[in-house]
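Open the model in a viewer and keep the sequence panel beside it. The stops below go from one selection to the next.

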Amino acid sequence: MLRPIIACFALAALAGAAGAATPQPPASSAAQAPSASPAQAQDAAFDHLRGCWIRREEPDGRATALLRLLPPPEHPGWLNGQISRPESDDPDRRLQLWFSRDGRTAVLASQPLADPTRAPAGGKPETQIRPLAKTYPPGRAPGSSQSLVLMPQPRVEFVRVPTVTAPAADWPADAFNADYVAGAAATGTRRLRVQASAERLSLTLLAGSGQPRDLTLFDGRRDGCD
């Protein structure tokens, strides 16, 4: 009498083990990790700015400007660089660029800054950012796009506008595309548009506040860093 009972228990245990071993369908990826918001995606895309960039007259033509945006050892939470000419220029007239790596703040300055969060002492503030007069090496005719930008203002701080806009059609979908405004985000009128992808970087001061048209500070392609 005991043998049939033991056999029944054994069969039940085997059936339970077989049921436990049956693979279950994996949970959907949507349930495991919610999709990032547009703002979070832009935060992730900010790292496209880091690296070395070169502006050329044509895709494979002569270089007209260089920009290296890298974190300085003293301020690892920032990317810092300056727009320069490949041949020679006046270091005192280079536009200095600082971007906080959380993507929230940008600083433009007309002179090197020891600390991007503090304005330099002294210096007469100006009210404009204007193209730097072009210089032409021997044998080059005027008309080539070799201009840099001179900003007489010692320092202008921009904050990122929270509104997220989709990249233009000629930019990849994962490009960083953000507007920064000088002063308070709600009231500032001078805007800096920053666009960056794995292969291209564009920095543009948008028209407004006495500036009749958009002013491109830099538009170049990624280049190797030394």
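Which residues have the most contacts inside the largest nonpolar core? Select Phe99 and Leu192: these are the two with the most contacts inside that core, which has 29 residues. Keep in mind throughout that this is a predicted model.

**The core and its strands**

Now color the strands that feed this core. At least two core residues come from each of β2 (63–69), β4 (96–100), β5 (105–109), β8 (155–160), β9, β10, β11 and β12 (215–223). Strand β9 gives the most, with four residues. In soluble globular proteins, nonpolar side chains tend to be buried together.

Stay on Phe99 and show its surroundings. Leaving aside residues up to four places away in sequence, Phe99 touches Phe46, Leu49, Leu69, Gly77, Trp78, Leu79, Thr105, Ala106, Leu192, Val194 and Leu203. Another core lies apart from the one just visited; this other core has five residues, including Trp98, Val107, Ala109 and Leu113.

**The whole chain**

Zoom out to the cartoon view. The protein has three helices and 12 strands. Of its 226 residues, 37% are buried. Among contacts between residues at least 6 apart in sequence, 50% join residues at least 24 apart. The exposed surface is about 13200 Å², and carbon and sulfur atoms supply 56% of that area.

**The sheet**

Hide everything but the strands. Ten strands form an open sheet with antiparallel pairing, in the order β2-β1-β12-β11-β10-β9-β8-β5-β4-β3. Go to either edge: β2 and β3 (78–82) each pair on one side only. From one strand to the next, the twist averages 25°.

**From β9 to β11**

Select residues 176–182 and 191–196, which are strands β9 and β10. These two strands run antiparallel and are joined by six bridges. Two positions help to fix the register: Ala178 has Val194 as its bridge partner in β10, and Val181 stands opposite Arg191 in β10. Val194 was also on the list of residues that Phe99 touches.

Add residues 200–205, strand β11, which runs antiparallel to β10 and is joined to β10 by five bridges. Here Gln195 has Ser202 as its bridge partner in β11. Three residues lie between β10 and β11, and the two strands form a hairpin.

**Salt bridges**

Switch on the charged side chains. The count comes to six salt bridges, and three of the pairs can be visited in turn.

Begin with Asp179 and Arg193, whose closest N and O atoms are 2.7 Å apart in a salt bridge. Asp179 sits in strand β9 and Arg193 in strand β10, 14 residues apart, and the pair links distant parts of the chain. Is each partner buried or exposed? Asp179 counts as buried because its relative accessibility, 13%, falls under the 20% limit. Arg193 is partly exposed, with a relative accessible area of 29%.

Move next to Arg200, which forms a salt bridge with Asp170, the closest N and O atoms being 3.5 Å apart. Arg200 is in strand β11, whereas Asp170 is in the loop between β8 and β9, 30 residues apart. Arg200 counts as buried, at 15% relative accessibility, but Asp170 is exposed, with a relative accessible area of 55%.

Keep Arg200 selected and add Asp219. This pair also forms a salt bridge, with the closest N and O atoms 3.1 Å apart. Asp219 lies in strand β12, 19 residues from Arg200 in strand β11. At 30% relative accessibility, Asp219 counts as partly exposed.

Display the three residues together as the last selection. Asp170, Arg200 and Asp219 are linked in a network of salt bridges. Arg200 is the residue that pairs with Asp170 and with Asp219.

How values were computed:
Residues are numbered from 1 along each chain as its sequence is written. This is a predicted model: local features need pLDDT of at least 70, side-chain atom pairs count only at pLDDT 80 or more; totals for chains, interfaces and linings use all residues. Side-chain values use heavy atoms; hydrogens and water are left out. Two strands pair if DSSP finds at least two bridges between them. A nonpolar core is a set of buried Ala, Val, Leu, Ile, Met, Phe, Trp, Tyr and Cys residues joined through side-chain atoms within 4.5 Å. Buried means under 20% relative accessible area, exposed over 50%, partly exposed in between (1.4 Å probe, protein chains only). Contact means heavy atoms within 4.5 Å. A salt bridge is a side-chain nitrogen of Lys or Arg within 4 Å of a carboxyl oxygen of Asp or Glu. Accessible areas come from the Shrake-Rupley method with a 1.4 Å probe; for residues, only the protein chains shown count as cover. Axes are lines fitted to C-alpha atoms, for helices over the stretch in contact, and angles run from 0 to 180 degrees between N-to-C directions.
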